[in-house]
Amino acid sequence: MLERRRQTLIAHAIMSRSQPHLRLFRVGEMPTTRIEAFSDGVFAIIITLLILTIQVPQIQGPDPAPALARSLAGMAPKFLSYALSFAIVCIWWVAHHHFFALLTKSDRGLLWLNSLFLFWLASVPFPAALLGDYPNQRIAVVCYGAVMALAGLSFSSMRFYAFYVGKLIIPDLDPTLLKRAMMKSAMNPLLHLIAVLLAWVNITVALALYVAIPLMFFLPTKLERFSVSTERR
């Protein structure tokens, strides 16, 4: 046991001397429990903030029913933006859960990359509210897609780091499954970027793509099915 520990320390020392630019990240192997608990808390706050961006209309007068009905009908874009954003955040939470089920450990690099992912995800309530208030304005549609693209890019970066750089995953996983999972993960920011570009041509088409993207990621990948079977064992 002591000999194995000594060899591990020697290997880390050699890596630190040969690749000093990685020392900031490749240090401190640790369990994933705290990072998962922290992330779940952030997800819960984000979902709560989404609904708080919708305010109850204030109607005055002896008979507020007609005005209230018109006001609620006019708030339809807000409700649709909330529903879409809620679905996207839930899909990210499921993907995040499956991703961490494949990990055997964490390190400093993963902590920072996960924090970057949560940074962009925590930004979602603002563009969601902006899109709900101004669904026909190009800048609102572009802002929404840009934040979603950056969230997807940060998650893909975290996945790539865990799979190929930090090697934090379960040993002997099928490389083909890892590659397919990476490709599907990279499709998310790519599709949102395409939607952003489409917004400069046709806002309706861009919004339709925003709605279609979550549907593409609703079904589990083979790698996610593997993570579920691993958890049951």
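1. Let's start with an enclosed space. Helices α4 (76-101) and α6 (125-133) each supply at least two residues to the lining of the largest cavity. The biggest share of that lining comes from α6, which gives four residues. A cavity here is a set of points on a 1 Å grid over the protein atoms alone where a 1.4 Å probe fits but cannot get out, and lining residues have an atom within 4 Å of a point. Helices are DSSP runs of H or I with at least four residues, and strands are runs of E with at least two, numbered from the N terminus.

2. A word on what you are looking at. This is a predicted model, in which local features need pLDDT of at least 70 and side-chain atom pairs count only at pLDDT 80 or more, while totals for chains, interfaces and linings use all residues. Residues are numbered from 1 along each chain as its sequence is written, and side-chain values use heavy atoms, with hydrogens and water left out.

3. Now the overall plan. The protein chain has ten helices and zero strands, so the pattern along the sequence is helix after helix, with strands being E runs in the DSSP sense. Of its 233 residues, 36% count as buried. Buried means under 20% relative accessible area, exposed means over 50%, and partly exposed lies in between (1.4 Å probe, protein chains only).

4. Back to the cavity, with its full lining. How many cavities of 30 Å³ or more does a search of the whole structure find? The search finds one. The volume of the largest cavity is about 70 Å³, where a volume is the space filled by probe spheres set on grid points joined across faces, edges and corners. Around the largest cavity you will find Leu-50, Thr-53, Ile-54, Lys-78, Ser-81, Tyr-82, Ala-128, Ala-129, Gly-132 and Asp-133. These lining residues divide into five nonpolar, three polar and two charged. In this division, Ala, Val, Leu, Ile, Met, Phe, Trp, Tyr, Cys and Pro are nonpolar, Asp, Glu, Lys and Arg are charged, and the others, Gly among them, are polar.

5. Two of the lining residues deserve a second look. The side chains of Asp-133 and Lys-78 form a salt bridge, at 2.0 Å from N to O. This pair links distant parts of the chain, with Asp-133 in helix α6 and Lys-78 in helix α4, 55 residues apart. The salt bridge count comes to one, under a rule that asks for a side-chain nitrogen of Lys or Arg within 4 Å of a carboxyl oxygen of Asp or Glu. Asp-133 is partly exposed at 39% relative accessibility, and Lys-78 is also partly exposed, at 24%.

6. Helix α4 is worth following along its length. Its 26 residues should span 38 Å at 1.5 Å a residue, and its end C-alpha atoms are indeed 38 Å apart. The expected span is 1.5 Å times one less than the number of residues. Buried residues of α4 include Ser-81, Leu-84, Trp-92, His-96 and Phe-99.

7. Phe-99 leads us to the largest nonpolar core. In this core of 51 residues, Phe-99, Leu-103, Leu-110, Phe-117, Leu-121, Tyr-144 and Phe-163 touch the most other members. Helices α2 (33-52), α4, α5 (108-122), α6, α7, α8 (175-199) and α9 (203-216) each supply at least two residues of this core. Which helix gives the most to this core? That is α7, with eleven residues. Such a core is a set of buried Ala, Val, Leu, Ile, Met, Phe, Trp, Tyr and Cys residues joined through side-chain atoms within 4.5 Å.

8. Helix α7 itself runs over residues 138-165. Its 28 residues reach 38 Å from first C-alpha to last, close to the 40 Å expected. After α7 comes Lys-167, a residue other than glycine with a positive phi, near 50°. Lys-167 sits in the loop between α7 and α8 and is exposed, with a relative accessible area of 57%.

9. The loop between α7 and α8 holds further points to check. Asp-172 lies there, and its phi is also positive, near 65°. Asp-172 is exposed at 82% relative accessible area. Is Leu-173, in contrast, buried or exposed? Leu-173 is in this loop as well, but counts as buried at 10% relative accessibility. Leu-173 and Phe-163 are ten residues apart in sequence, with C-alpha atoms 9.7 Å apart.

10. One last stop, in helix α9. Leu-209 belongs to α9 and is buried, at 16% relative accessible area. Its C-alpha atom is 9.9 Å from that of Gly-145, and the two residues are 64 residues apart along the chain.

Key:
1 Å grid on protein atoms, 1.4 Å probe; cavity = no way out; pocket = protein on both sides within 12 Å on 5 of 7 lines; lining within 4 Å.
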